[in-house]
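Colleague: I have just opened this model and would like a close look at one pair of rings. Could you start there and then show me around?

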Amino acid sequence: MTDRALRLGTRRSKLAMAQSGHVAEAVRQVTGRPVELVEITTYGDTSREQLAQIGGTGVFVVALREALLRGDVDFAVHSLKDLPTTPHPGLTLAAVPLREDPRDILVARDGLTFAELPDGARVGTGSPRRMSQLNAYARSHGMRIQTVPIRGNIDTRIGYVHNGELDAVVLAAAGLNRIGRTGEVTDFLAVDTVLPAPGQGALAVECAASDADLAAALAELDDPFTRVAVTAERSLLAALEAGCSAPVGALADLLADGQIANEMRLRGVVGTTDGSSLVQLSTTGPVPETDDQAQALGRELAAEMLAKGAAGLMGERAL
């Protein structure tokens, strides 16, 4: 019976539910079948520890994948930046839909931009990658900031600014866009200032590899350019042997000649959390036509970064 409702496994957070709701609607349109959301609590949702301490990669993903493998849900939606870089046996990445804005943003008190923050401003983020680049930017522009590790959902994080505990917090633009709260952004951080996390702003739609019909239907949601871009970024991350809590930023974008995109640029950065030392490089090549070509681009840039001392910078783990 093909008109049974498809069960979409999702985390319970407001953001995850919003992301999954968008995908559910798209899947209804391509399959003509109803889609129901199945809420699953992950270890990353219940643990109050810093992400870097609970293992970073995969803490939001494991429970969803277990539900998929047990057959409790038919497919799952993840934030791609939470997904471990190694493929999971038995599962297939059926679609990477069109990417949202990959940038990081600032929500600061009194509508301040990053450049306007007061001397010694307390800036909250749970990400070593953001800390590293914000501290490096501040250092190179004669600013003094203090990065403060925080966790929690979007409401919790923005709450630290509203209650005066922090001067500002840094979040992903995509998350605020998806829950309709872009109006609270006081500054969009240029990717030249802070390179996003590999895959930031993109979603991953995963299903059992054995369900070829569903995988083919979900593939309708795939955006080929987003897929090669995030594949290159994640390949860089994997080649640097870094999990998603490591201070690695990466972004692949199209360089267009008029209307025709003929090249892809991949930028990568890795640094110490205090921003005192950064390795930042980029490479440009033809737009990859296959996953293999995209992965090769990522590996090539990673090799150059390692040659410049990137590994030593990532060895610093927050205690």
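What is the relative accessible area of Y137?

Modeller: Happy to help! This is a predicted model, so local features need pLDDT of at least 70 and side-chain atom pairs pLDDT 80 or more, while totals for chains, interfaces and linings use all residues. Residues are numbered from 1 along each chain as its sequence is written, and side-chain values use heavy atoms, without hydrogens and water.

Y137 has a relative accessible area of 23%, which makes this residue partly exposed (buried is under 20%, exposed over 50%, partly exposed in between, with a 1.4 Å probe and protein chains only). Its ring belongs to the 1 aromatic pair counted here (ring centres within 6.5 Å; planes under 30 degrees apart are stacked, over 60 edge-to-face, the rest tilted, and Trp counts by its six-membered ring). The partner is F114: the centres are 5.6 Å apart and the planes make 50 degrees, a tilted arrangement. Y137 sits in helix α4 (residues 128–140), whereas F114 lies 23 residues away, in the loop between β5 (104–108) and β6 (121–124), so the pair links distant parts of the chain (helices are DSSP runs of H or I with at least four residues, strands runs of E with at least two, numbered from the N terminus). Unlike partly exposed Y137, F114 is buried, at 2%.

The loop between β5 and β6 also holds D110. This residue is exposed, at 65% relative accessibility. Its phi is near 60 degrees, a positive value although D110 is not a glycine. Most residues other than glycine have a negative phi.

Another loop, between α6 (173–178) and β9 (187–189), holds I179. Beyond its neighbours within four places in sequence, I179 is in contact with K14, L15, A18 and I154 (heavy atoms within 4.5 Å). I154 is 25 residues from I179 along the chain, with 9.7 Å between their C-alpha atoms.

Now for the empty space. The whole structure has 1 cavity of 30 Å³ or more (on a 1 Å grid over the protein atoms alone, a set of points where a 1.4 Å probe fits but cannot get out; points join across faces, edges and corners, and probe spheres set on them fill the volume). The largest cavity holds about 60 Å³. R11, A16, Q19, F60, V61, L64, V77, H78, S79 and D82 form its lining (an atom within 4 Å of a point). β3 (75–79) gives the largest share of this lining, 3 residues, and α1 (14–31) supplies at least two.

The second largest pocket holds about 510 Å³ (a pocket is an open set with protein on both sides within 12 Å along at least five of seven lines). Of the 23 residues lining this pocket, T85, T86, P87, R234 and Q295 lie nearest its centre. α8 (224–239) joins β4 (91–95) and α9 (291–307) in supplying at least two lining residues each, and the largest share, 7 residues, is from α8.

Stepping back, the protein chain has 10 helices and 13 strands, and 52% of its 319 residues are buried. Of the contacts between residues at least 6 apart in sequence, 72% join residues at least 24 apart. The chain exposes about 13,900 Å², with 50% of that from carbon and sulfur atoms (Shrake-Rupley method, 1.4 Å probe).
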